[in-house]
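Reader: Hello! I am new to protein structures and would like to walk through one with you. Could we look at it together?

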Amino acid sequence: MVAQPKLSNASKMPCKSWSLPAVVSCPGAHNDDGTLVPACSGCYATRGRYKFGAVKALRIHNLDDWKHIGWINGMVKLIGRAKWFRWFDSGDICEPDLAMKIYAVIRRTPNCEHWLPTRSYKIKETKDWLQRMSLLDNVTVRLSSDSVTGERIPGDYTSTIIQSPEHFIPSKGYSLCRAFERKGKCGSCRACWSKDIHTIAYIAH
């Protein structure tokens, strides 16, 4: 079967995204006992518009489609001349083979700045591919902390969650996502894509 990848439109962002169903595609979202880590409990991508039929159907389609012949070529064509791209406004790298394919897509779209947030660095085989990705100039792989209280994790580029702006303590390379001041939109901000920003704090929502 030939792949037919589908992109999603995240209203907050200045670009399109490729996404999967939340939680079921997120191996890094679970503790050893199967419960969700704090940052994934009540995930925003299981609520609101993500419950709409068409939105769910697109992500379910992608969950199988990436395994098919021609997916890499299809993604390269869809990204085209785009300047910005986000991986996973919902879901995550569910298998190491997907990480391998994403790496190939990023290499073949040097004109585009990619942002890839992930908790799948907890999976060794996937982490190996993430490390290869991080060597590419046109992608920022952000490792997501499980914390909702601002705990920061090791890594060149990371993110964490805080409960309110008052909990943000500025420091070099540490940025607060201020989308909450712009009705949830990125506006002109591209901090998530920037290798000048080592850690981004998001307000819990």
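Author: Here are some questions and answers about the sheet, the helices, a loop residue and the pockets of this predicted model.

Reader: Let's begin with the sheet. Which strands are its edge strands?

Author: Happy to start there! The sheet is open and has 8 strands, in the order β1-β2-β3-β4-β5-β6-β8-β7, with mixed pairing. An edge strand pairs on one side only, and that description fits β1 (8–9) and β7 (174–176).

Reader: How many bridges join β7 to β8, and which residue of β8 stands opposite S175?

Author: Strands of a sheet pair through backbone hydrogen bonds, either parallel or antiparallel. β7 and β8 run parallel, and the number of bridges that join them is 3. Across this pair, the residue opposite S175 is I200.

Reader: What about β3 and β4: which residue of β4 stands opposite R86?

Author: β3 and β4 also have a pairing to look at: they pair in the parallel sense over 3 bridges. In β4, the partner opposite R86 is W115.

Reader: Why is β4 described as largely enclosed by the rest of the structure?

Author: A residue counts as buried when its relative accessible area is under 20%. β4 is largely enclosed because the residues that are buried number 5 of its 6.

Reader: Now a helix, please. Which strands does α2 lie across, and at what angle does it run to β3?

Author: α2 covers residues 71–79. This helix lies across β2 (16–18), β3 (84–87) and β4, and its angle to β3 is about 140°.

Reader: Which residues of α2 are buried, and what do they pack against?

Author: An α-helix has 3.6 residues a turn, so residues three or four places apart point the same way. In α2, the buried residues are W71, G74, M75, V76 and I79. They pack against β2, α1 (53–65), β3, α3 (96–107) and β4.

Reader: Which residue follows α2?

Author: Look just past the end of the helix, where the phi is positive, near 50°. The residue there is G80.

Reader: Is C189 buried, partly exposed or exposed?

Author: First, find C189 in the loop between β7 and β8. Its C-alpha atom is separated by 8.7 Å from that of R178, 11 residues apart along the chain. Values from 20% to 50% lie between the buried and exposed cut-offs. C189 has a relative accessible area of 34%, so this residue is partly exposed.

Reader: On to the pockets! Which residues are closest to the centre of the largest pocket?

Author: The largest pocket holds about 1100 Å³ of space. Of its 45 lining residues, those closest to the centre are Y44, A45, R86, D89 and H205.

Reader: Which elements give two or more residues to that lining, and how many of the lining residues are charged?

Author: The elements that give two or more residues to the lining of the largest pocket are β4 (113–118), β6 (158–162) and β8 (199–203). By residue kind, this lining has 25 nonpolar and 13 polar members, and the charged ones number 7.

Reader: And which element gives the largest share of the lining of the second largest pocket?

Author: The second largest pocket holds about 220 Å³ of space. Two elements each supply at least two residues of its lining, α4 (124–134) and β5 (139–144). With 4 residues, the largest share comes from α4.

Reader: Since α4 has come up, at what angle does it run to β5?

Author: α4 lies across β4 and β5. Its angle to β5 is about 140°.

Key: Residues are numbered from 1 along each chain as its sequence is written. This is a predicted model: local features need pLDDT of at least 70, side-chain atom pairs count only at pLDDT 80 or more; totals for chains, interfaces and linings use all residues. Side-chain values use heavy atoms; hydrogens and water are left out. On a 1 Å grid over the protein atoms alone, a cavity is a set of points where a 1.4 Å probe fits but cannot get out, and a pocket is an open set with protein on both sides within 12 Å along at least five of seven lines; lining residues have an atom within 4 Å of a point. Grid points are joined across faces, edges and corners, and a volume is the space filled by probe spheres set on the points. Ala, Val, Leu, Ile, Met, Phe, Trp, Tyr, Cys and Pro count as nonpolar, Asp, Glu, Lys and Arg as charged, and the others, Gly among them, as polar. Two strands pair if DSSP finds at least two bridges between them. Contact means heavy atoms within 4.5 Å. Axes are lines fitted to C-alpha atoms, for helices over the stretch in contact, and angles run from 0 to 180 degrees between N-to-C directions. Buried means under 20% relative accessible area, exposed over 50%, partly exposed in between (1.4 Å probe, protein chains only).
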